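Please look through the structure below with a few features in mind: how a sheet is put together, how two helices pack, and where the backbone takes a less common form.

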Amino acid sequence: MCGIVGIVSTKEVSSRIVNSLRKLEYRGYDSAGIATIVEGNINEVKREGRVDFLEKDILKLNLKGDIGIGHVRWATHGKPSKINAHPHSSDQVSVVHNGIIENSTILKKLLEKKGYIFKSQTDTEVIAHLVTDYLKKNSLKSTIIKVLKKLHGSFALGIIFKDRNDLIIGARRGSPLAVGYGPNENYLGSDSYALKSMTNKISYLDDGEFCIIKKDQIEFFEAHGVKINKKVLNLSKEDTYYEKGDYKYFMEKEIDEQPSTLNDCINEYIDKHNNQINLYNFPWKMNLFKSIVLIGCGTAYHSCLVAKYWIEQNTSLDVSIDIASEFRYRKVRFKNDCLYVFVSQSGETADTYAALELCKKNKMKTCAVVNVVESSIAREADLVLPIYCGQEIGVASTKAFLGQMLVLYILSIKISFDQKFINKHEYQSKIKNLLLLSNSAKKTLKLDHKILNIGKVFAHAKGCMFLGRGYSFPIALEGALKLKELAYVHAEGYPAGEMKHGPLALIEEGMPVVVIAPRDDHYKKTMSNMQEVIARGAKVLLITTKSKDEITSENIWEIIEVDQLNNELIPFLITIPLQKLAFYSALEKGYDIDKPRNLAKSVTVE
Ligand code: G6P
């Protein structure tokens with residue numbers, strides 16, 4: 001979380017820093033700030049809240065300067081406020097930071113003893129004072145080497161100096177950082193996206209490295225100060241800034257885009273002419289693998305859960321799934337015949353990245369399923385399988401979830417066929433079915449008007465439940481997560497058969513419960529579980545698939561029916577009404593749908 005921008009130029013920088021910060025708001029939006037150097041003075045402007053507010057202040061103050069750093073914050077140490085907003089400055093330096101300094105309390109005490117006065121509650125402020133302290137007796141470069149050594153934890157840093165209006169220091173440990181090359185100016189940014197409007201020439205810092213950015217030169221160093229060379233990557237030229245168009249919210253647009261993003265992804269992976277899957281870059285023989293581990297966080301983790309059912313159903317692989325923040329600290333027994341798959345929309349999630357690094361350290365075979373192909377996770381993994389769904393801005397993930405499931409499903413069929421677990425006819429019939437998905441997704445979106453009214457009830461619930469069996473269980477988890485994230489309603493997803501072991505005690509008169517019961521092998525059992533909650537007063541929204549057989553159960557409050565495709569594809573369709581449900585519930589309450597409270601899109605801290 002948190003976004004960093006820096007520019008060293010011969011022209012004024014503040015408006016361009018603000019523009020780049022706006023693109024980084026997906027990383028954090030509780031406060032924002034900027035610092036520039038003008039005539040040997042550090043000028044800071046900071047604001048609680050969004051970049052738009054910051055911009056107004058900057059315009060009012062007419063902030064000058066040809067060198068500057070900017071930051072959008074997602075609070076870790078200290079509540080969101082103007083005082084805790086970055087940059088944090090001493091009388092000598094100004095610092096922007098993404099990450100957590102784990103030994104900040106100890107360092108703060110030492111610095112206070114030396115007379116340094118702290119203004120904020122942040123861990124970052126220690127860096128400003130530490131740099132100031134070392135600068136008294138050291139050159140700039142050796143100050144940076146020594147300070148970085150002192151800091152425990154993870155960070156991406158941008159530092160400017162009162163007496164050096166010619167350079168910015170960038171440093172990375174754990175949190176991503178890119179530099180960009182421009183005409184007579186150079187840049188620092190949390191990612192290339194923030195810099196894309198200014199340059200398409202980018203280098204990425206690796207862990208432990210730092211750099212000195214001047215307007216006409218960028219030098220890179222490893223942790224001990226030995227100079228290193230970095231590859232300069234040429235990114236695609238167009239600055240694909242993603243707009244809302246006629247939509248009021250990105251999330252609404254992203255939900256509606258799903259038929260076309262599914263289609264785009266299918267076009268990338270399916271050779272429609274020969275009715276087969278294109279995964280030519282798969283670097284290993286399939287029979288090498290006996291097991292597969294799928295790892296992710298949040299919504300991405302839910303896509304792994306769904307994939308577990310597909311892979312178990314269609315291949316002979318042992319499948320495990322893991323939440324990245326758990327995996328990285330467990331005593332994992334690494335196996336050479338296992339494929340480790342990391343699923344992440346942003347490709348920057350700190351826990352997922354650390355889990356990948358752990359596998360790489362143990363020389364495991366790794367695959368990344370990501371949306372952002374220039375991300376840290378994509379760069380590190382042996383194989384990258386993009387989900388091709390275009391930029392996702394809404395903090396709560398929607399189209400990326402369907403994209404992640406799609407790629408994992410395609411991977412499962414590919415393994416299945418290569419393992420001869422299914423024959424050619426079955427393989428091609430699965431592919432043919434997949435080609436129907438986008439159209440059914442389009443039809444599902446048309447159920448909108450009905451969900452709008454249902455959302456009004458869920459919005460005001462004290463709590464609610466989402467129940468499902470088989471593939472529908474992870475979708476229940478995802479439905480509950482979306483409602484929590486957007487409408488701040490306490491929601492739990494449960495395997496429908498598990499209700500009687502405790503959660504049933506929570507059901508009371510009028511409690512809204514979503515029962516996901518497509519006409520699959522679990523239908524009858526789930527319908528019985530539904531009756532158990534109805535009998536205890538629940539107001540049931542049933543999500544099922546269309547059928548000529550009538551629904552015989554009584555007292556169901558509302559029913560939503562999606563197309564009955566091949567059972568394996570139903571998770572895609574039943575997700576859509578749940579996304580809409582969360583959206584309309586949040587809309588009813590007037591919440592900020594694209595930027596829910598306390599959350600951030602890219603979580604680059606542990
Ligand atoms: C954050 C986002 C979620 C997302 C999760 C994992 O919590 O708000 O929407 O699912 O991070 O992100 P990733 O980029 O790794 O998929």
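A crossing of two helices is called left-handed if the near helix is turned anticlockwise from the far one by less than a right angle, and right-handed if it is turned clockwise. With that in hand, we can turn to this model, which is predicted, and to a pair of its helices.

**Two packed helices**

Two packed helices are described by the angle between their axes and the distance between the axes. Here, the axes of helix H9 (residues 298-314) and helix H17 (residues 472-487) come within 8 Å of each other and cross at roughly 165 degrees. Because angles over 145 degrees count as roughly antiparallel, H9 is roughly antiparallel to H17. The crossing of H9 and H17 is left-handed. On the H9 side the contact is made by Gly298, Thr299, His302, Leu305, Val306 and Tyr309, while H17 contributes Phe473, Pro474, Ile475, Leu477, Glu478, Leu481 and Lys482. Sorted by character, the residues of this contact between H9 and H17 comprise eight nonpolar, three polar and two charged ones.

**An open sheet**

Elsewhere, five strands build an open sheet with parallel pairing, and their order across the sheet is E19-E18-E20-E21-E22. Strand E19 (318-323) and strand E22 (383-386) are the edge strands, each of which pairs on one side only. On average, and with direction ignored, neighbouring strands in this sheet are turned by 20 degrees against each other.

Within the sheet, strand E20 (residues 338-344) is joined to strand E21 (residues 365-370) by six bridges in the parallel sense, and Phe342 stands opposite Ala368 in E21. Helix H11 (residues 350-361) lies across strand E18 (291-296), E20 and E21, and runs at about 160 degrees to E20.

**Less common backbone forms**

Most residues other than glycine have a negative phi, and most peptide bonds are trans. Which two residues are joined by a cis peptide bond? They are His86 and Pro87, with omega at about -5 degrees, and Pro87 sits in the loop between strand E4 (67-73) and strand E5 (88-89).

Two residues other than glycine with a positive phi are set out below.

| Residue | Phi | Place | Relative accessible area |
|---|---|---|---|
| Tyr388 | near 50 degrees | loop between E22 and helix H13 (399-418) | 33% |
| Asn598 | near 70 degrees | segment after helix H19 (570-589) | 61% |

Tyr388 is described as partly exposed because its relative accessible area of 33% falls between the limits of 20% and 50%. Asn598, at 61%, is exposed, because exposed means over 50%.

Technical notes
Residues are numbered from 1 along each chain as its sequence is written. This is a predicted model: local features need pLDDT of at least 70, side-chain atom pairs count only at pLDDT 80 or more; totals for chains, interfaces and linings use all residues. Side-chain values use heavy atoms; hydrogens and water are left out. Two strands pair if DSSP finds at least two bridges between them. Helices (H or I, at least four residues) and strands (E, at least two) are DSSP runs, numbered from the N terminus. Axes are lines fitted to C-alpha atoms, for helices over the stretch in contact, and angles run from 0 to 180 degrees between N-to-C directions. Contact means heavy atoms within 4.5 Å. Angles under 35 degrees count as roughly parallel, over 145 as roughly antiparallel, 65 to 115 as roughly perpendicular and the rest as oblique. Ala, Val, Leu, Ile, Met, Phe, Trp, Tyr, Cys and Pro count as nonpolar, Asp, Glu, Lys and Arg as charged, and the others, Gly among them, as polar. Buried means under 20% relative accessible area, exposed over 50%, partly exposed in between (1.4 Å probe, protein chains only).
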